[in-house]
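Me: Could you take a close look at one part of this protein for me? I would like to follow a single strand and its partners, and then see what the cores are made of.

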Amino acid sequence: MERPGPSEGKKARTFDLEAMFEQTRRTAVERSRKTLEAREKEEEMNREKELRRQNEDIEPTSSGSHVVRDGSKSSSRDTSSSESEESSGSSDDELIGPPLPLKMTKEPSNHIEEDILGPLPPPLYEEVEEDDDDDGDSEEEENPVQKIPDSHEITLKHGTKTVSALGLDPSGARLVTGGYDYDVKFWDFAGMDASFKAFRSLQPCECHQIKSLQYSNTGDMILVVSGSSQAKVIDRDGFEVMECIKGDQYIVDMANTKGHTAMLHTGSWHPKIKGEFMTCSNDATVRTWEVENPRKQRSVFKPRTMQGKKVIPTTCTYSRDGNLIAAACQNGSIQIWDRNLTVHPKFHYKQAHDPGTDTSCVTFSYDGNVLASRGGDDTLKLWDIRQFNKPLFSASGLPTMFPMTDCCFSPDDKLVVTGTSVQRGCGSGKLVFFERRTFQRVYEIDITDASVVRCLWHPKLNQIMVGTGNGLAKVYYDPNKSQRGAKLCVVKTQRKAKQAETLTQDYIITPHALPMFREPRQRSTRKQLEKDRLDPLKSHKPEPPVAGPGRGGRVGTHGGTLSSYIVKNIALDKTDDSNPREAILRHAKAAEDNPYWVSPAYSKTQPKTMFAQVESDDEEAKNEPEWKKRKI
């Protein structure tokens, strides 16, 4: 056999997959056919043995032979039942006497078929179970208390003073709290651990109490309303986006000013339009703003009494669709405007709450038909805006001591929630739940030994946030009913604080005993001088003093100013004049010949010395030098 040469390569083997699959299929069919034939032969042999055994046991009578035929017919008709009986073997061994009738032989076959298919539950049982499930669902739907997520809670420490503002972004990832201590703190549920610490704290309004905090509908901005007259908008990280302008307080008509002129009460974002929000103030106006135009408000609403006098709004809010603006005033009235019509209110109920009390909150239900108001007269009322002539329900005995006590609706609109206030040391503040349909007090939660000021029920998280009067912010949730939020940070273990490395043994170390601090000894003066010569600082030649006024940024010896010139030429002139009279008279001749300083000044006013001239002539004749001295 010759080997292939270097030019001839080995040919790759080719496989016919279809032929291989067909061969495999034929082999499998042949094997299954043989298996079926062997099984049929075995069953036929077993059948013949059974017939022989029955013939030997039965007496040779005519009736018996007829029964055997019938039995053989029945067995041939119902092969499956006989095969199953013969395979079991227990029934054949115990059978004595003539074979069973046809009706009786069919019962085991039915029983076997039932065993093969499996027992089916009775339909009546299923219907009962379905009815029970429906009843349970209806009971759960009818009882909204079971949906309150209050099985677990976490406590966030804001400070020591009242938490007067709460805000949660639409996604439920971040919570922001504000209080009477001027601080605004940011809490990130995904980034917190079990220590529950805020990741940022700031004072956006300096020394003003925080009245309201609310995230925009997009979650990228936060409206901050404080005790000042200027609302602010900050971003998610706390940086200022805009600040509303302050109006002119000396203008009588508040509609002609560009902004608020007195303390703010609260604010709210528009639920649909991005960048629009609303504020109300002690200047008796409700103003809408746009983030893009902080220099002037968008529109002004002026609440009025029935007599047309000014009245201060204490709280305001948008409807769910953003078409209505509702405000509660100090005279106890609730006024609702169309957003685009600022002149007259669309609805006006003048005695919604007691006059002189501050209504702390108004909020719309999720369906937009019902308005809830939390009054300063310790009441909570529901109103139907379609029939705004009387309250639907009213609940009393809900004490409040804060001008921002909150109320809200549950996400399914079946419950209304509010908080109660207590004096310090006189009980605990409660979170009270009312059923909206009947307005019965169905549930309450003891929060803490202080007042409950703010409450917020987030629809996506299904968690309740509560702000209290002792500086705490609590989050209530249920692991089965709630989503994300507090559940994210509870499962994280608290990070251990990194301890500073300390010495295991106490050593007393003298610094100069260490080699790095020890000064080297002088070994040779010549070597040290050579090192100093290489050092640019030590070998630098001192610059000589500058002569003249100075140059190159260096001041001269005496400078170039007048004072330095006087010091140099006059004050430092140490010529000794022993006789001051002679020093003065040596300039007399020059002054007489060329009068320049004194004589011209008195030339017009100097009197003529007539007699002195005569006397001076007589003396001149006697002693000329003395005359000159006297004349001078």
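Reply: Happy to! Two strands count as paired here if DSSP finds at least two bridges between them. Please keep in mind that this is a predicted model.

Let's start with strand S24, residues 429-435. S24 is mostly covered, with six of its seven residues buried. On one side of the pairing list is strand S23 (residues 415-419), which runs antiparallel to S24 over five bridges. Within that pair, Leu415 has Glu435 of S24 as its bridge partner. S24 also pairs with strand S25 (residues 441-448), again in the antiparallel sense, through six bridges. There, Gly429 stands opposite Thr448 of S25. S24 and S25 make a hairpin, with five residues between the two strands. In its turn sits Phe439, whose phi is positive, at about 60°.

Now for the cores. The largest nonpolar core holds 17 residues, and those touching the most other members are Ile154, Leu156, Leu175, Phe189, Met465 and Val475. Two or more residues each come from strands S1 (152-157), S2 (163-168) and S28 (472-477), and from helix H7 (486-490). Val475 gives a good view of the surroundings: beyond its neighbours within four places in sequence, Val475 contacts His152, Glu153, Ile154, Leu156, Phe189, Gln463, Ile464, Met465 and Ala486. There is also a second, separate core of 14 residues, and Leu415 is among its members, along with Cys408, Val452 and Trp457. That brings us back to the strand we began with, as Leu415 is the bridge partner of Glu435 in S24.

Technical notes
Residues numbered from 1 in each chain as written. Predicted model: local features only at pLDDT ≥ 70, side-chain atom pairs only at ≥ 80, totals over all residues. Heavy atoms only, no water. Core = buried A, V, L, I, M, F, W, Y, C linked by side-chain atoms within 4.5 Å. Buried < 20%, exposed > 50% of the residue type's maximum accessible area, 1.4 Å probe, protein only. Helix = DSSP H or I, 4+ residues; strand = E, 2+ residues; numbered from the N terminus. Contact = heavy atoms within 4.5 Å.
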